[in-house]
Amino acid sequence: MNGIKLIELKRVESSRTMSIKELRSRNVRVNVHLSNKVKAFARDGEDYVLTVVIHIEYVGVGYIIAEYDVYFDKSMGESAFSEWKNTGKIPEKLVNTALSAIYSAPVIDLMIISKVMNLPPPLPLRVSIEKPGGDRSSTSNIGVM
């Protein structure tokens, strides 16, 4: 993607609270809630790193948490970083670019993890963008596949 140098899965955590036998023997309704928040925005040499945490909650069944670092080049990151330093707000364009990049390829990691954990795939994805500190800035739907 334009302006993005690297997307790195930094941390992943997953848990299932029901056994596979319980999941298959009962008619379990699984509610999938997915939320995203920007955890950090930092400068790393000539690059700018936006850390995004994705939390997929399977209500009453389990969860997956994944943390991604999205590395932006100077052309895209410098002005956004400057704006964030001055206003405390990360430009929505930068966040949307990061989320689009994460959901276009690395989200496959989450699909594989959900399969390994015998959890339903996290689709459709409902994305809520939050500022560092937890203030919500916007919400959108992003489809995968």
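Buried means under 20% relative accessible area, exposed means over 50%, and partly exposed lies in between. The exercises below use these classes on a predicted model.

**Exercise 1. Classify Asn118 by accessibility and locate it in the chain.**

Solution.
- Start with the area. Asn118 has 31% relative accessibility, so Asn118 counts as partly exposed.
- Next, the location. Asn118 sits in the loop between α4 and β5 (125–130).
- Last, the backbone. Phi of Asn118 is near 55 degrees. That is a positive value in a residue other than glycine.

**Exercise 2. Find the partner of Asp47 in a salt bridge, and say which parts the pair ties together.**

Solution.
- The cut-off is a side-chain nitrogen of Lys or Arg within 4 Å of a carboxyl oxygen of Asp or Glu.
- Asp47 pairs with Lys5, and their closest N and O atoms are 2.8 Å apart.
- Asp47 belongs to strand β3 (residues 47–58) and Lys5 to strand β1 (residues 4–16), so the bridge ties together parts that are 42 residues apart in sequence.
- Now compare the classes. Asp47 is buried, at a relative accessible area of 16%. Lys5 is exposed, at 52%.

**Exercise 3. Work through the salt bridges of Asp69 and Glu13, then name the network.**

Solution.
- Take Asp69. Its salt bridge is with Lys10, with the closest N and O atoms 3.7 Å apart.
- This pair links distant parts of the chain. Asp69 is in strand β4 (residues 62–72), Lys10 is in strand β1, and they are 59 residues apart.
- Asp69 is buried, with a relative accessible area of 6%. Lys10 is partly exposed, at 48%.
- Take Glu13. Its salt bridge is with Arg11, at 3.2 Å between the closest N and O atoms.
- Glu13 is partly exposed, with a relative accessible area of 33%. Arg11 is partly exposed too, with a relative accessible area of 33%.
- Join the bridges that share partners. One network results: Lys10, Arg11, Glu13, Lys39, Glu67 and Asp69.
- The full count comes to six salt bridges.

**Exercise 4. Which residues of the largest nonpolar core touch the most other members, and which elements supply the core?**

Solution.
- The core holds 32 residues. Phe41, Leu50, Ile54, Phe72, Leu94 and Leu110 touch the most other members.
- β2 (32–44), β3, β4, α2 (74–87), α3 (92–104) and α4 (107–116) each give at least two residues.
- α3 contributes the most, with seven residues.
- Check Leu110 in detail. Leaving out residues up to four places away in sequence, Leu110 touches Ile54, Ile56, Ile64, Ala66 and Tyr68.

**Exercise 5. Which residues make the nonpolar surface patch of about 280 Å²?**

Solution.
- The patch is made by Ile108, Ile112 and Val116.
- Place Val116: it lies in helix α4.
- Classify Val116: its relative accessible area is 60%, so Val116 is exposed.

**Exercise 6. Where in the chain is confidence lowest, and where is it highest?**

Solution.
- Begin with the whole chain. The mean pLDDT is 79, and 77% of residues reach 70 or more.
- Go to the elements. Strand β6 (residues 136–142) is lowest, at a mean of 40. Strand β1 is highest, at 92.
- Examine the weak stretch. Over residues 135–145, pLDDT stays under 50. For these residues the model has 29 contacts beyond four places in sequence.

Definitions and conventions:
Residues numbered from 1 in each chain as written. Predicted model: local features only at pLDDT ≥ 70, side-chain atom pairs only at ≥ 80, totals over all residues. Heavy atoms only, no water. Helix = DSSP H or I, 4+ residues; strand = E, 2+ residues; numbered from the N terminus. Buried < 20%, exposed > 50% of the residue type's maximum accessible area, 1.4 Å probe, protein only. pLDDT = per-residue confidence, 0-100. Contact = heavy atoms within 4.5 Å. Core = buried A, V, L, I, M, F, W, Y, C linked by side-chain atoms within 4.5 Å. Patch = residues over 30% accessible without salt bridge, like charges linked within 9 Å, V, L, I, M, F, W, Y side chains within 5 Å. Areas by Shrake-Rupley, 256 points an atom, 1.4 Å probe, with all protein chains shown as cover.
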